[in-house]
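Good morning, everyone. Please take a look at the structure on the screen while I talk you through it.

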2 protein chains.
Amino acid sequence: MTGIHETPALASLAICPNSRSGGECDHCQARKLSVCAALEPHELNALDRLSRKMCFPARETMFEQDEPSDVVYNITSGAVRLYKLLPDGRRQIVGFALTGDFLGLSMGERNVFSADALGEVTACQFSRKQFSDFLDTHPHLLRRLHAFASHELSIAQEQMVILGRRTAEEKVVAFLIGLRNRWSRINGSTVNVPLPMTRQDIGDFLGLTIETVSRMFTKLAKQKSLVITPDGVRLLEPARLEAIAAT
Amino acid sequence: MTGIHETPALASLAICPNSRSGGECDHCQARKLSVCAALEPHELNALDRLSRKMCFPARETMFEQDEPSDVVYNITSGAVRLYKLLPDGRRQIVGFALTGDFLGLSMGERNVFSADALGEVTACQFSRKQFSDFLDTHPHLLRRLHAFASHELSIAQEQMVILGRRTAEEKVVAFLIGLRNRWSRINGSTVNVPLPMTRQDIGDFLGLTIETVSRMFTKLAKQKSLVITPDGVRLLEPARLEAIAAT
DNA sequence: AAAGTTAGTTGATTTGCGTCAAGGATATAT
DNA sequence: ATATATCCTTGACGCAAATCAACTAACTTT
């Protein structure tokens, strides 16, 4: 009874069933990256029984800002944009969640941001109450969840530096290097950076307009620091870009 | 053995002794605001015995970015600026810590930001190792610490909106309203907003220059939304300002 | 009291990025 | 094939905030 999925994209249900069976942790690609890594096999089993395996088609909203937060998610594949809207429509993307990320760290009564699947996303859904109760009996998981929250806080503070004190070019480069580093933990790739989000999303993440983002991509491509591919970018001069991001 | 206080301001030690005796929790003004509120009296006593009561004179650096983080702090009075520096000297203040705030949430090996006392600051210092061990035996405290980290994360995400998508006037107003709300939890005041930080600090928090901050203060004062006092501002039209901050 | 020092304000000018506008590329639908 | 939609790019122009510069006020030092 989540209020989510009121208008599922029916056509995609065949390839993206929004509920799957349990017991899939053994071959879950997110296990070692996610909060689950804190658990012993029998504990993982117990948590698995509380989970509902979900699949969201591209562009589906997973949850919305200010709604009651009845559930939390563990992302097992795909990418999600997390964003806050101002009353006049201005949007700030506060982060992108990838494989292994946990949504629901804030544990408040209501969501503080909205979340949309960028491509197809799979996730383990838990009742917030059940997950919270599980935490009470598994302090190791709480420690890991706290480590996740602390890490997210550090990331958010680094993003404040990017938003407050960096130029447009530095913002785009720092974004690409940061995303490359996150992908590398998931798929190992060190020069190919998939960009499942649009230029508008990148702009709303960096405090820029879509035009400025586009111009910076063009500028970096013209100076051969990267090449723009159909699904992202390939870094040609990663060291040079890292230097700009570290500036 | 913290590496901190190598050059204490000797003149101020008489009025700001940097170590005090324990057993002061009973009349600690921060107790109900801080992580300590999660503890039973006997637990509070046990934690108190691990603490070293510190006092930092105005302008003293409490710890620096990238240094090993051997200790954590519970702020019991005063205000602290938390900031990150870029190699070229650009500065981003990531937050101001007030009475009841906890420094050391990230629990990483090294500090991710620097911290300076703005005025005189008192704090309970704990060895990070000892505090971490205490957490292992007091899951209620870990829950509260996690709640603190989650709350800080929400604050940081709201700051991203301010930095990325708000105008200079909105930034200054949102800052004042946010600070007013924090002071009100500490001292109850709802229209007087003490500003222990400089205009430069405010600019470095909001991604603005000192001149722009000054101009916005002047503009708000000219339209009688506030008056500038020697130690801060007094809000004359809080409702109007809240509306701007909520925009 | 004179000379620094630090914090803040105000005005003139510049500029980086936003806004406005047009056009191109790719994908899905008809 | 043609139409429609979405995403992206590029150019011309404008403006909000940065930069540069001068000045005031409040303290501290000598």
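I will go from the domains to the sheets, then to the chain contact, and end at the DNA.

One thing up front. This is a predicted model.

Let's start inside chain A. The domain assignment splits chain A into domain 1, residues 10-158, and domain 2, residues 166-246. How far apart are the C-alpha centres of the two domains of chain A? They lie 25 Å apart. The domains do touch. Domain 1 of chain A brings 12 residues to the contact, and domain 2 of chain A brings eight. On the domain 1 side, two elements of chain A give two or more residues: β4 (80-85) and β5. The largest share there is four residues, and β5(A) supplies it. By class, that side of domain 1 has seven nonpolar, three polar and two charged residues.

Keep β5 in mind. We will meet β5(A) again.

Now the sheets. The first one on my list is an open sheet of four strands in chain A. Read across, the order is β2-β7-β4-β5, and the pairing is antiparallel. Which strands sit at the edges? They are β2 (61-63) and β5 of chain A, and each pairs on one side only. From one strand to the next, the twist averages 30°.

Zoom in on one pair. β4(A) and β5(A) run antiparallel and share six bridges. Want a pair of residues to find on screen? Take A:Y83, whose bridge partner in β5(A) is A:I93.

Two helices lie across this pair of strands. One is α5(A), which crosses β4 and β5 of chain A at about 105° to β5(A). The other comes from chain B. Helix α3 of chain B, residues 139-165, also lies across β4 and β5 of chain A. Its angle to β5(A) is about 130°.

Next, another open sheet in chain A, this one with three strands. The order is β9-β11-β10, again with antiparallel pairing. The edge strands of chain A here are β9 (192-194) and β10 (226-229), each pairing on one side only. Neighbouring strands in this sheet are turned by 20° against each other on average, direction ignored. β10(A) pairs with β11 of chain A, residues 232-235, over four bridges, in the antiparallel sense. Within that pair, A:V227 stands opposite A:R234 in β11(A). A helix lies across this sheet too. Helix α4 of chain A, residues 168-187, lies across β9 and β11, at about 95° to β9(A).

On to the two chains together. How many residues does each chain put into the contact? Chain A gives 33, and chain B gives 33. On the chain A side, the elements with two or more residues are β5 (91-97) and α3 (139-165). So here is β5(A) again. But α3(A) gives the most, with 19 residues. The chain A side divides into 17 nonpolar, 10 polar and six charged residues.

How are the copies related? A rotation of 180°, with 0.0 Å of shift along its axis, superposes chain A on chain B, and the RMSD is 0.0 Å. The two copies are therefore related as by a two-fold rotation axis. There is a second point. Of the interface residues of chain A, 100% are also interface residues in chain B, so the copies meet through the same surface.

Last stop, the DNA. Take strand D. There are 16 residues around DNA strand D, and those that come nearest are A:T198, A:S214, A:T218, B:T167 and B:T212. Three helices each supply at least two residues to that surface: α5 (199-206) and α6 (210-222) of chain A, and α6 (210-222) of chain B. The most come from α6(A), with six residues. By class, the surface near strand D has five nonpolar, seven polar and four charged residues.

Now strand C. 16 residues surround DNA strand C, and the closest are A:T167, A:T212, B:T198, B:S214 and B:T218. The elements giving two or more residues here are α6 of chain A, plus α5 (199-206) and α6 of chain B. Which helix gives the most near strand C? That is α6(B), with six residues. The classes near strand C are five nonpolar, seven polar and four charged.

That's the tour. Thank you.

How values were computed: Residues numbered from 1 in each chain as written. Chains lettered and ligands numbered in written order. Predicted model: local features only at pLDDT ≥ 70, side-chain atom pairs only at ≥ 80, totals over all residues. Pairing = 2+ DSSP bridges. Axes fitted to C-alpha atoms, helices over the stretch in contact; angles between N-to-C directions. Contact = placed C-beta atoms within 7 Å. Nonpolar A, V, L, I, M, F, W, Y, C, P; charged D, E, K, R; others polar. Least-squares fit on C-alpha atoms with pLDDT ≥ 70 in both. Near = placed C-beta within 6 Å. Domains from an automatic or database assignment.
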